[in-house]
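These are my notebook entries from a first look through this structure. I went from one residue or element to the next and wrote down what I found.

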Amino acid sequence: MRELRRLLSYLGPYRRDMFIGGLLVFVETVFELVIPVLMADLIDVGVEHRDLHYIVGKGLQMGLCALLALVTGLLYARFAARAAYGWGARVREAQYEKVQSYAFSNLDRFETGSLVTRMTTDVTVLQNAVNGGLRPLVRSPVMLVMGLGLSFWMNAELALIFVVCAPILALILFLVVSRVAPMYSRLQKAVDRLNNVVQEGLTAIRAVKAFVRGEYEEDKFQSVNQELMETSQRTFHLAVLNLPAFQFTMYTAIVLILWFGGGMILEGGLQVGELTGFLSYVLQVMNSFMMISNVFLLLTRSLASAHRIAEVLDEDIVLTSPEDPIRVVPDGSVDYQGVSFKYHDDAKAYALSGVDLHIKAGQTVGILGGTGSAKTTLVQLIPRLYDVTRGSVKVGGHDVREYDLTALRDAVGIVLQKNVLFSGTVRENLQWGDREADDETLWAACRAACADEFLEKMPGGLDADLGQGGVNVSGGQKQRLCIARALLKKPKILIFDDSTSAVDTATEEKIRSALAGLTGVTKIIIAQRVTSVMHTDLIVILEDGRVHATGTHAQLLASDPIYQEIYASQMKGGEDHGGPAAQRQEA
């Protein structure tokens, strides 16, 4: 309940709509409860005395009450819809905003499919709880209290039947809710797994087709889909048991009331109109019990979804700006001082261990190393995508933890190992680097990244549509557009994480020449090819998360056996391509 109350705080301006909706339900219920009293008088007075004027008067009063109940019901629907869907929109927005502030380590705790489910299906469950549950939540207690009161007022003896039926109905509700409550959490987790499989299958659809794995993916989808179906069947099979149980109890109560009420009429202790009105209250009271049970089922499922949403909103952000941050990065110098890092506190081994490294501002540094040597991890510490476990990383002479996160990351441009483009035009993607960049500036960045070669041939040029995820361009073209986007940031530190692997050597040489003309920018190049880093000011060789050696191309070629092996295997076609040197170069 705590999570649900917390989420209700996001109602904001829609709190008024929910209050008005509840008030309208109360008024509607009162009008409906007056009708049986009027009906009893109509039968016992008007019909018995054949007073047509009295019958018409009571009939008009009943019609007016019914009309007013209809109007208030329609108005309730309008306000309830505004409250439910407005609230859902605000909760989704709050989740999305929170996820944007997550650090990489926070994102590691949630699967993408699960986050999608929490922002869609779980929010929809909450919306349905308000849209479908507010009316019975207000209506059922009012009908129950007033219905019981009026029924005891009309005939206390017959009303004792409710005293017998109420515990039975309460017991049925308790048994159903206690069994169904834990199943709703399992149901939502099954939806998570389905979303994960769908997302993975659609994202990698080209690889699936290339490896002819369509049947395998279909089987995998069928498995999670079957699991979701069976979980849903088990959950709702139990949830709907309350309806026949409640109906059985309700009709049993009606039979008992007719039996005892008929006897009382024969004995002269009850009038026909009173029994008719009493039966109306019986139906209303029993319906109120049924509505209460449905509210409990909605609430039970809502609590499961509210807990999942609250997990997203309550996630502690690992990386935040300090209270009085530094907002300007002086230069692009980078210092690693005794840096050790592991992704999780309970991890057995460090990804980086005892790294000491100094990179001067404006220097060009190349990083080589085999798979798992933590090359990417090393550079991710510079823009503080992760925090070091031990030691410190300094940029511009200050610990990265002293900077405002936005200022620090604005000063660092990264071309990721996995190139990411977004749906939209080339211009819209490039302007991620500089929102105000004009055409001349955009073309200049494209020329530096050698992206102008293919852009000039594309219909529309900068306004060409890239499609979802940049499907309309090749891998090498994606890399060049990502490089151009990073250049537009005009950063103090520029990181290339194996970002020229999909371009030919001639294009890579042109890009390298263009980058050499950038003065005052520290350039860090992670590469697999020696040719990509041999002209840099400093080459760093990583092995098993440690700095194995540093130096220029000439120094390392003369003294370091690992670099000699890499150089020999790539430049001279080494004899043992499957040996240690080749293995170290796998990426």
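**Entry on Lys418.** I began with Lys418, which I found in the loop between β6 (412-415) and α14 (426-430). I noted first that I am working with a predicted model. With a relative accessible area of 65%, Lys418 is exposed, since exposed begins over 50%. I then looked up its separation from Tyr54, and the C-alpha atoms of Lys418 and Tyr54 turned out to be separated by 83 Å, with their positions 364 residues apart along the chain.

**Entry on the cores.** Next I asked which residues have the most contacts inside the largest nonpolar core. They are Val426, Leu430, Leu455, Leu481 and Tyr563, in a core of 44 residues. Helix α17 (residues 475-487) gives the most to this core, and its share is six residues. For Leu481 I listed the partners beyond four places in sequence, and these are Leu421, Val426, Leu430, Ala451, Phe454, Leu455 and Leu466. Apart from this core I found another, of 42 residues, which includes Val180, Met250, Ile257 and Val282. I kept in mind the general tendency of nonpolar side chains to be buried together in soluble globular proteins.

**Entry on Leu466.** Since Leu466 appeared among the partners of Leu481, I looked it up as well. Leu466 sits in the loop between α16 (452-455) and α17. Is Leu466 buried or exposed? Its relative accessible area is 0%, so Leu466 is buried. Leaving out residues up to four places away in sequence, I found that Leu466 touches Leu421, Phe422, Gly424, Thr425, Val426, Asn429, Val471, Asn472, Val473 and Leu481. I also checked Arg427, which is 39 residues from Leu466 in sequence and 9.8 Å from it in space, C-alpha to C-alpha.

**Entry on two packed helices.** I turned to helix α3 (residues 52-100) and helix α5 (residues 112-119), whose axes are 9 Å apart and which pack at an angle of about 150°. Because angles over 145 degrees count as roughly antiparallel, α3 is roughly antiparallel to α5. On the side of α3 the contact is made by Arg92, Gln95, Tyr96 and Val99, and on the side of α5 by Leu115, Arg118 and Met119. Sorting the residues of this contact by kind, I counted four nonpolar, one polar and two charged.

**Entry on helix α9.** I wanted to see how the length of helix α9 (residues 214-239) compares with what is expected. At 1.5 Å a residue its 26 residues should span 38 Å, and its end C-alpha atoms are 37 Å apart, so the two values agree. The buried residues of α9 are Glu217, Val224, Leu228, Thr231, Thr235, Leu238 and Ala239.

**Entry on positive phi.** I reminded myself that most residues other than glycine have a negative phi. Lys490 is not a glycine, yet I found a positive phi of about 50° for it. Lys490 lies in the loop between α17 and β7 (493-497), and at a relative accessible area of 59% Lys490 is exposed. Asp544 is likewise not a glycine and has a positive phi of about 55°. Asp544 belongs to the loop between β9 (538-543) and β10 (546-551), and Asp544 is exposed, with a relative accessible area of 63%.

**Entry on Lys342.** I found Lys342 in the loop between β1 (334-341) and β2 (352-359). Because buried means under 20% relative accessible area, Lys342 counts as buried at 17%. Beyond its neighbours within four places in sequence, Lys342 is in contact with Ala347, Ala349, Tyr350, Ala351 and Thr389.

**Entry on Tyr403.** Tyr403 has its place in the loop between β5 (398-399) and α13 (405-410), and at 0% relative accessibility Tyr403 counts as buried. Which residues does Tyr403 touch, when those up to four places away in sequence are not counted? I listed Ser321, Pro322, Pro325, Ile326, Val328, Val329, Pro330, Val395, Gly396, His398 and Leu408. The C-alpha atoms of Tyr403 and Asp324 are separated by 8.6 Å, although these residues are 79 residues apart along the chain.

**Entry on Gln570.** Last, I looked up Gln570, which is found in helix α21 (residues 561-571) and counts as partly exposed at 31% relative accessibility. Gln570 and Gln528 are 42 residues apart in sequence, and I noted 9.8 Å between them in space, C-alpha to C-alpha.

Note on methods. Residues are numbered from 1 along each chain as its sequence is written. This is a predicted model: local features need pLDDT of at least 70, side-chain atom pairs count only at pLDDT 80 or more; totals for chains, interfaces and linings use all residues. Side-chain values use heavy atoms; hydrogens and water are left out. A nonpolar core is a set of buried Ala, Val, Leu, Ile, Met, Phe, Trp, Tyr and Cys residues joined through side-chain atoms within 4.5 Å. Buried means under 20% relative accessible area, exposed over 50%, partly exposed in between (1.4 Å probe, protein chains only). Helices (H or I, at least four residues) and strands (E, at least two) are DSSP runs, numbered from the N terminus. Contact means heavy atoms within 4.5 Å. Axes are lines fitted to C-alpha atoms, for helices over the stretch in contact, and angles run from 0 to 180 degrees between N-to-C directions. Angles under 35 degrees count as roughly parallel, over 145 as roughly antiparallel, 65 to 115 as roughly perpendicular and the rest as oblique. Ala, Val, Leu, Ile, Met, Phe, Trp, Tyr, Cys and Pro count as nonpolar, Asp, Glu, Lys and Arg as charged, and the others, Gly among them, as polar. The expected span of a helix is 1.5 Å times one less than its number of residues.
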